[in-house]
Amino acid sequence: MTQAPFITTVERHFLERKGRNPHATPEFSWLLSGITLATKTIAAQVQRAGLLEIMGKTGRTNVQGEEVQKLDEFANEMLVRCLGYRGNIGILVSEEDEEPHVIQEAESGKYIVLFDPLDGSSNINANVSIGTIFSILERRSRSDAKDVMGHILQPGSRQVAAGYVVYGSSTVLAYTAGEGVHMFTLDPSIGAYLLAQENIRMPRAGRIYSVNEAYANSFPDGIQRYLEWAKETGQYSSRYIGSLVADFHRTLISGGVFIYPGTKKAPHGKLRLLYEANPLAFLAEQAGGVATDGENRILDKQPKTMHERTPLIIGSKDEVKRVLSF
Ligand code: FDP
């Protein structure tokens, strides 16, 4: 008699989708284990950051013009190393690197992994939650293997899987492969992510808005009107951690809306389409939520460049609808 598994890891959970999801193969599970290994190592480093003298800046700025923190660099290196030798990965794209890492052009390298190694890193020194976000695409079939950008620049609707890890009071991993959103908690005593909750649903409504109101004067008129209205009702709370991944995690669980629109300083928004907005939009939709740039569904956007930015309004279905109605 076979017994129900005592513990369910991310890899096992995904493999159990065999027959329902064409990617639920041991090879894909091997890819996922590259992500779980890297993020467990990052989690350990984040927890000991103060002891290891890896807080603070490296003195470099990245392709986004942002100051690179030592932990940013560590997280990036860890993901590139852990994923670089997984046989089925062809291309890696990181927020930290201007150019993609082409691991192999052969068809066997059929997956492309795009990631923000340490999101919210300006919060590191203040001991506030930060995270890793990842998106997985499949190399386009019948396309020229050497056309690297052609494989990378695909709309988010073509993602095979996506997820994030929040390094907070506990380390939590959430992923979707197009059949709901599933959440795991890292058990540090055994070094494994264990299934915490399957098929998470984002509340349909939620009276929390999450936005950097310091820029409110340069937000589009509609967003300014929404914020004025929300305040007048006296029924809203404002929560803004300043780490997208942590703000999204709260929105997924408690509902509400996260808004980062275009501003005077960043007319196209600040967040990156391929490895921030797309993966979170995939998760949001799979949990019953919505993600838009104010005009278009995030997952329909055809990217033009690898580090492209986008405005983002993401969260509970009814609340996003309300924001768009102003
Ligand atoms: P950070 O610069 O600290 O890495 O995408 C980057 C990001 O953080 C998001 O995590 C966060 O939501 C946003 O920028 C915060 O930007 P503002 O400081 O402009 O609000």
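The following exchange goes through the ligand site, the salt bridges and some loop residues of a predicted model.

Colleague: Which residues are closest to the ligand, and how many surround the ligand in total?
Modeller: By class, the shell around the ligand has five nonpolar, six polar and four charged residues. The closest are Ser122, Asn212, Tyr215, Tyr240 and Tyr260, and the number of residues that surround the ligand is 15.

Colleague: How many Å separate a polar side-chain atom of Ser122 from an oxygen atom of the ligand?
Modeller: Several side chains place a polar atom beside a ligand oxygen: for Tyr215 the distance is 2.7 Å, and for Tyr240 the distance is 2.6 Å. For a polar side-chain atom of Ser122, the distance to an oxygen atom of the ligand is 2.5 Å.

Colleague: What share of the ligand's accessible area does the protein cover?
Modeller: Polar contacts to ligand oxygen atoms come from side chains including Ser122, at 2.5 Å. The ligand on its own has 470 Å² of accessible area, and the share of this area that the protein covers is 88%.

Colleague: Is Glu95 buried or exposed?
Modeller: Glu95 is found in the loop between strand S3 (89-94) and strand S4 (101-102), and its side chain is joined to that of Arg272 by a polar contact of 2.9 Å. Buried means under 20% relative accessible area. Because the relative accessible area of Glu95 is 3%, this residue is buried.

Colleague: Where in the chain do Glu198 and Arg17 lie, and how many residues apart are they?
Modeller: Glu198 forms a salt bridge with Arg17, and the closest N and O atoms are 3.5 Å apart. This pair links distant parts of the chain, with Glu198 in the loop between S10 and S11 and Arg17 in the loop between H1 and helix H2 (26-47), and the separation is 181 residues.

Colleague: Which of the classes, buried or partly exposed, applies to Arg17?
Modeller: Its partner Glu198 counts as partly exposed, at 39% relative accessibility. Arg17 has a relative accessibility of 8%, and therefore Arg17 counts as buried.

Colleague: Why does the pair of Asp318 and Arg204 tie together parts of the chain, and how many residues apart are these parts?
Modeller: The side chains of Asp318 and Arg204 meet in a salt bridge, at 3.2 Å from N to O. Asp318 lies in helix H9 (residues 317-324) whereas Arg204 lies in the loop between S10 and S11, so the parts that the pair ties together are apart in sequence by 114 residues.

Colleague: Which salt bridge partner does Arg12 have?
Modeller: The structure holds 13 salt bridges, and one of these involves Arg12, which counts as partly exposed at 39% relative accessibility. The N to O distance in this bridge is 3.1 Å, and the side chain that Arg12 meets is that of Glu16.

Colleague: What is the phi of Asn127, and is this residue buried or exposed?
Modeller: Asn127 lies in the loop between strand S5 (111-119) and strand S6 (130-138). Although Asn127 is not a glycine, its phi is positive, at about 65°. With a relative accessible area of 71%, Asn127 is exposed.

Colleague: Which residues form a nonpolar patch on the surface?
Modeller: One member lies in the segment before helix H1 (10-15), namely Ile7, and Ile7 is partly exposed, with a relative accessible area of 36%. The patch has about 360 Å² of accessible area together, and its residues are Phe6, Ile7 and Ile190.

Conventions: Residues numbered from 1 in each chain as written. Predicted model: local features only at pLDDT ≥ 70, side-chain atom pairs only at ≥ 80, totals over all residues. Heavy atoms only, no water. Near = heavy atom within 4 Å. Polar contact = N/O pair within 3.5 Å; in protein donor to acceptor, adjacent residues only side chain to side chain. Areas by Shrake-Rupley, 256 points an atom, 1.4 Å probe, with all protein chains shown as cover. Nonpolar A, V, L, I, M, F, W, Y, C, P; charged D, E, K, R; others polar. Patch = residues over 30% accessible without salt bridge, like charges linked within 9 Å, V, L, I, M, F, W, Y side chains within 5 Å. Salt bridge = Lys/Arg side-chain N within 4 Å of Asp/Glu carboxyl O. Helix = DSSP H or I, 4+ residues; strand = E, 2+ residues; numbered from the N terminus. Buried < 20%, exposed > 50% of the residue type's maximum accessible area, 1.4 Å probe, protein only.
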